[in-house]
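Hello,

I am passing on a structure that you have not worked with before, and I thought some notes might help you find your way around. Please have it open while you read.

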Amino acid sequence: FQMEFKGMNLYKRPPYTIVTDESFFKVEQIIRLLQGLYVEFTGTFGTLISPASKRKADIQVLSFSKEQDYLRVSRMPGSAGCYSPQADRLLLYNQLNSDWVADSLASVRATAARHTAAGGDTDRNKQVASWSAGTEQSITFKARLETMETIRHEGAHQLCCELGIISTECRSLWLIEGMATYCELDHIGARSTEKIK
């Protein structure tokens, strides 16, 4: 696995093997999130797990720091992560380094620059600076949240296949996506107010 991606770092945290271009400290959150999902998933769906699949001790994850590197390998434009049953691995990237975040932050900064009064109105400038800082914080929070939900969603797809709960030949999209969506929030079965609407 690591020989396919020379120059990237290898981390083993049973049952996961992660190859990434990020440092250990940056990938630690992903590792903890995946391990927590695994424990929660096996506890919730333990009776459905195929006895033959319990031998799986090397669940592979390929994690990139940049969107372009992820897209080059995954060939899945418009996605933030995916589980590939053919490659038998999870592919991810950190959305903080995505084009949409960079474009959004650039737009906020350009808008703030246009509305900042040159050499004058300090109250207005404080309001603009406060708006800009708050909006940038909201954008980065959204990117972190979407990264976490993507890891849990795609990680659930991977666990469903790895543990024999759903066959890789299954064509029931409602079941495949329903299971992953059921697992994507901060705990399995959490209600999404956005998706209930």
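Below is what was found in it, grouped by region.

Before anything else, please keep in mind that this is a predicted model.

**Helix α5**

A good place to begin is helix α5, which runs over residues 173-183. Which of its residues are buried? They are M179, A180 and C183. These residues sit on the same side of α5, because they cover an arc of only 95° around the axis. On the other side of α5 you will find L173 and W174, and both are exposed. If you look at what covers the buried residues of α5, you will meet α1 (24-45) and α4 (122-162), among others.

**Salt bridges**

How many salt bridges does the structure hold? There are eight. Here are some of them, to look at one by one.

One is between R152 and E40, whose side chains meet with N and O 3.1 Å apart. This pair links distant parts of the chain, since R152 belongs to helix α4 and E40 to helix α1, 112 residues apart. Are the two partners buried or exposed? R152 has a relative accessible area of 3%, so this residue is buried. E40 has 23% relative accessibility and therefore counts as partly exposed. The cut-off for buried is under 20%, so R152, at 3%, falls below that value, whereas E40, at 23%, does not.

Another salt bridge joins R109 and E136, again through their side chains, with 3.1 Å from N to O. R109 is in helix α3 (residues 99-115) and E136 is in helix α4, so this pair ties together parts that are 27 residues apart in sequence. R109 itself is partly exposed, at a relative accessible area of 46%.

A more local example is found in helix α2, residues 67-74. There R72 forms a salt bridge with D69, and their closest N and O atoms are 3.7 Å apart. The two are three residues apart in α2, which means that about one helical turn separates R72 and D69. R72 counts as exposed, with 54% relative accessibility, while D69, at 24%, counts as partly exposed.

You can also look for a network of salt bridges, which links R13, E28 and R32.

**Two residues of helix α4**

Helix α4 has come up several times already, and two more of its residues deserve a look. Q158 is found in this helix, and its relative accessible area is 0%, so Q158 is buried. What does Q158 touch? Leaving aside residues up to four places away in sequence, its contacts are Y16, I59, Q60, V61, Y83, R89 and L90. With Q60 there is a polar contact: the backbone oxygen of Q60 lies 2.9 Å from a polar atom of the Q158 side chain.

L145 also lies in helix α4, but this residue is partly exposed, with a relative accessible area of 33%. If you want a distance to try out in your viewer, take L145 and Y11: their C-alpha atoms are separated by 23 Å, and along the chain they are 134 residues apart.

**The largest pocket**

The largest pocket has a volume of about 470 Å³. Its lining is made up of 20 residues, and Y83, P85, H157, I176 and E177 are the ones nearest its centre. The elements that give two or more residues to this lining are β4 (81-84), α4 and α5.

**Backbone details**

Finally, here are three spots where the backbone is worth checking. Where is there a cis peptide bond? One joins P14 and P15, with omega at about 5°. P15 lies in the loop between β1 (9-13) and β2 (16-20).

The other two spots are residues with a positive phi that are not glycines. R75 has a phi of about 55° and lies in the loop between α2 and β4. R75 counts as exposed, at 69% relative accessibility. D88 has a phi of about 60° and is found in the loop between β4 and β5 (89-93). D88 is partly exposed, with a relative accessible area of 26%.

Enjoy exploring, and do write back with any questions.

Best wishes

Notes
Residues are numbered from 1 along each chain as its sequence is written. This is a predicted model: local features need pLDDT of at least 70, side-chain atom pairs count only at pLDDT 80 or more; totals for chains, interfaces and linings use all residues. Side-chain values use heavy atoms; hydrogens and water are left out. Buried means under 20% relative accessible area, exposed over 50%, partly exposed in between (1.4 Å probe, protein chains only). Helices (H or I, at least four residues) and strands (E, at least two) are DSSP runs, numbered from the N terminus. The arc is that of the directions from the helix axis to the C-beta atoms. Contact means heavy atoms within 4.5 Å. A salt bridge is a side-chain nitrogen of Lys or Arg within 4 Å of a carboxyl oxygen of Asp or Glu. A polar contact is a pair of N or O atoms within 3.5 Å; within protein, one must be able to donate a hydrogen and the other to accept it, and residues adjacent in sequence count only if both atoms are side-chain atoms. On a 1 Å grid over the protein atoms alone, a cavity is a set of points where a 1.4 Å probe fits but cannot get out, and a pocket is an open set with protein on both sides within 12 Å along at least five of seven lines; lining residues have an atom within 4 Å of a point. Grid points are joined across faces, edges and corners, and a volume is the space filled by probe spheres set on the points.
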